[in-house]
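Here's a quick tour for anyone meeting this structure for the first time. Have a look at the picture, then read on.

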Amino acid sequence: MKILVTGGAGFIGSNVTKKLLERGDIVVCVDEFNDYYSPKIKELNVAQFENDPNFTLHRGSITDFDFLKTVFEKEGIQRVVHAAARAGVRPSIENPFIYEDTNVKGTLNLLHLSKEFGIENFVLFSSSSVYGNSSKVPFSESDPVDNPISPYAATKKATELLGYTYHHLYKLNVNVVRPFTVYGPGGRPDMFPFLCTKLIDEGAEVKRFGDGSTQRDYTFIDDLVDGVVAALDNILGYEIFNLGNSSTVELNYFIATVEKILGKKACVKEFPMQPGDVRITNADLTKSRKLLGYDPKVKIEEGMERFIAWYQENKQLY
Ligand SMILES: NC(=O)c1ccc[n+]([C@@H]2O[C@H](COP(=O)([O-])OP(=O)(O)OC[C@H]3O[C@@H](n4cnc5c(N)ncnc54)[C@H](O)[C@@H]3O)[C@@H](O)[C@H]2O)c1
């Protein structure tokens, strides 16, 4: 299959690309290599594919309709994995406009071109953030998600709605995935698993927002990639899938796990909870297991061992 992966130079996109190339698919990557975090890391992510004849890279923005149209015209794409986005919660409060532009307009461009070019299946990256501060756990895909508490979450919910509209009007097959805090080797340097490891390793202060009892459903990258590939392979009309681990980890336990693996004590300082932060995330995986055969296997202790082993080898890059 020939597959367009947007955001293919990013953390998740490059791991999905790797998996698709390994199984013999042809991957067309679109990425703008922005500086949300160091573009050098994104360059390294794609450098591993540069000699693969089944990999093509187009540098440009998904907000540029004409650029994207040229890619569709030239490449004969069959399916789309749309992972490109502005992907941080707190920065979206500071600059909501760029989130709206990339996440909403960029996604609309891709849905529209997918309709025009007869794309067979479209995997749309939403986020567990759409659940906001929902008090009902675990979060199920059928729960109402009408109260996003950050611009990031609101844009992700908007893309889910646009995906539904394109399915309804044009029968575009769309599988929405809602990842839950993804971590692992090559993980995003702005996210807590990376930051916590770096700060403890360097003996710097770890800012803990809240009393440490907040809980996250952490998903190891390999498990997430399996779920995304299953969403790409299964044509189901329009469906939404949680991709999490389904067990939650308390912030204090997470910090203790990193301390144990690094063999160093954290210097923790408590701060009030931040606007836009949610208290708990926890995925109900019943539907993903049933329709996608999704079966996450990596527990936090093993996943962080693997992340920290990678971090020790690569920390000079950050
Ligand atoms: N990492 C997580 O825990 C997590 C959780 C939930 C949802 N998601 C979603 O998964 C997707 C991938 O996230 P990630 O963690 O790999 O983030 P990432 O920032 O590593 O990757 C996103 C990539 O998209 C590219 N991009 C951004 N704007 C673009 C534009 N306008 N045009 C072209 N390329 C652009 C970036 O350069 C980057 O390489 C995103 O849609 C994100 O919202 C991630």
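Strands β8 (residues 205–209) and β13 run parallel, and five bridges join them. Within this pair, Phe209 sits opposite Phe271 of β13. What is the count of buried residues in β13? It's zero among the five residues of that strand (267–271), so to speak of it plainly, β13 is hardly covered. Keep in mind that what you're looking at is a predicted model.

Now for the ligand. The shell around the ligand holds 30 residues, and Gly7, Gly10, Ile12, Ala85 and Val182 are the closest. Three elements each give two or more residues to that shell: α1 (11–22), β2 (26–31) and α5 (96–116). Helix α1 has the largest share, with three residues. Here's how the shell splits up by class:

| Class of residue | Number in the shell around the ligand |
|---|---|
| Nonpolar | 14 residues |
| Polar | eleven residues |
| Charged | five residues |

Stepping back to the whole chain, you'll find eleven helices and 13 strands. Of the 318 residues, 43% are buried. Lay the chain along its principal axes and its C-alpha atoms fill a box of roughly 55 × 45 × 35 Å. How does the radius of gyration fit in? A compact globule of 318 residues would come in near 20 Å, and the chain has 19 Å, which agrees. As for contacts between residues at least 6 apart in sequence, 82% of them join residues at least 24 apart.

How values were computed: Residues numbered from 1 in each chain as written. Predicted model: local features only at pLDDT ≥ 70, side-chain atom pairs only at ≥ 80, totals over all residues. Near = placed C-beta within 6 Å. Helix = DSSP H or I, 4+ residues; strand = E, 2+ residues; numbered from the N terminus. Nonpolar A, V, L, I, M, F, W, Y, C, P; charged D, E, K, R; others polar. Buried ≥ 20, exposed ≤ 12 C-beta atoms within 10 Å, placed from the backbone. Pairing = 2+ DSSP bridges. Rg over C-alpha atoms; globule rule 2.2 N^0.38 Å. Contact = placed C-beta atoms within 7 Å.
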